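Ready for a few exercises? Have a look at the structure first, then try each task before reading its solution.

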Amino acid sequence: NYGIIISPTTISLTKADQLFEIEVQANIKYTVSVDIDCKWITQVGTKALSTSRYAFKVSANDTYDNRKGKIYVLGENNNLLKTIEVSQSQTDAIFVSKKEYEISKDGGDIEVILQTNVKIEITIPDNVKEWLSLKSNSTKALLDESVVFTVAKNKTYYGRTAFIVLKVDNLQDTIKIRQAQTDAMFITNEKEYSFSKAGGNAAVKIFYNVDHIVDGASLPSWINYETNDVDENNK
């Protein structure tokens with residue numbers, strides 16, 4: 001009986017450039033060739049390394065997709081075709097086109113469009129989890145993918161910021177989410193004052209986090225005022 005035995009029949013490689021070998025055992029004449037569409041696989045030299053071992057070189061895979069190729073061992077008279085499957089992993093990538101997002105005090109969903117070909121790890125800092133959470137995400141080949149974050153309503157009088165890390169192995173990118181404050185201006189002490197005929201002073205303490213003015217034109221002529229800033233956010 002005539003036959004060809006090949007080992008191994010499947011080969012899995014990393015994205016780096018490298019060499020691999022196949023072993024062919026046959027009792028007939030045969031030829032070894034690389035699929036014409038697999039330019040990234042080349043046979044090293046024109047002869048076998050030994051009676052039945054053949055070496056091939058694989059170039060580095062700088063693309064964002066894994067790739068597959070074939071090596072053929074063909075017996076004489078085009079009979080007994082054997083195939084070796086060769087696969088090489090992709091170059092992993094994460095790209096975020098927009099890295100800063102702003103949302104109003106009312107909160108809502110923020111959709112982050114990114115490009116990745118790996119399953120990413122999304123890290124939300126513990127100190128912002130009370131108001132920011134991951135709603136959904138999905139990743140596959142290097143295509144536009146959607147990661148949605150939900151931001152709660154900001155009931156405080158201060159703006160807040162979160163830095164979200166998108167990571168896989170040694171790759172990572174960071175996005176920044178800023179939420180506006182609840183605008184406010186109110187008197188924090190007494191709102192009514194009584195004076196004797198001699199007059200006097202009244203210190204009115206105002207909290208505000210927005211630009212404002214005192215409408216002096218609305219005051220009667222017997223009341224004067226001056227401002228005295230106490231603290232940047234509590235005045």
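**Exercise 1: a salt bridge from an exposed lysine**

Lys135 is exposed, its relative accessible area being 53% (exposed means over 50%, buried under 20%, partly exposed in between, with a 1.4 Å probe and protein chains only). Before going on, note that this is a predicted model, where local features need pLDDT of at least 70 and side-chain atom pairs pLDDT 80 or more, while totals for chains, interfaces and linings use all residues. Residues are numbered from 1 along each chain as its sequence is written, and side-chain values use heavy atoms, without hydrogens and water.

Task: find which side chain meets Lys135 in a salt bridge.

Solution:
- Step 1. The partner is Asp109, at 2.7 Å, N to O; a salt bridge needs a side-chain nitrogen of Lys or Arg within 4 Å of a carboxyl oxygen of Asp or Glu.
- Step 2. Lys135 sits in strand S13 (residues 132-137) and Asp109 in strand S11, 26 residues apart. Strands are DSSP runs (E, at least two residues), numbered from the N terminus.
- Step 3. Asp109 is partly exposed, at 44% relative accessibility.

**Exercise 2: the two faces of S10**

Task: sort the side chains of strand S10 (residues 100-103) by face.

Solution:
- Step 1. Recall that side chains in a regular strand alternate between the two faces of the sheet.
- Step 2. Tyr101 and Ile103 point to one face and are buried.
- Step 3. Glu100 and Glu102 point to the other face and are not buried.
- Step 4. Now look next door: S10 pairs with strand S16 (residues 171-179) in the parallel sense over 4 bridges, where pairing takes at least two DSSP bridges. Tyr101 stands opposite Ile177 of S16.

**Exercise 3: links between S10 and S16**

Task: say which side chain of S16 meets Glu102 in a salt bridge, and how exposed each partner is.

Solution:
- Step 1. Arg178 meets Glu102 at 2.2 Å, N to O.
- Step 2. Arg178 belongs to S16 and Glu102 to S10, 76 residues apart in sequence.
- Step 3. Arg178 is partly exposed at 32%, whereas Glu102 is exposed at 61%.

**Exercise 4: a buried acid**

Task: find the partner of Asp173 in a salt bridge, and decide whether Asp173 is buried or exposed.

Solution:
- Step 1. Lys99 and Asp173 meet in a salt bridge at 3.1 Å, N to O.
- Step 2. Lys99 lies in the loop between S9 and S10, and Asp173 in S16, 74 residues away.
- Step 3. Asp173 counts as buried because its relative accessibility is 13%; Lys99 is partly exposed at 41%.
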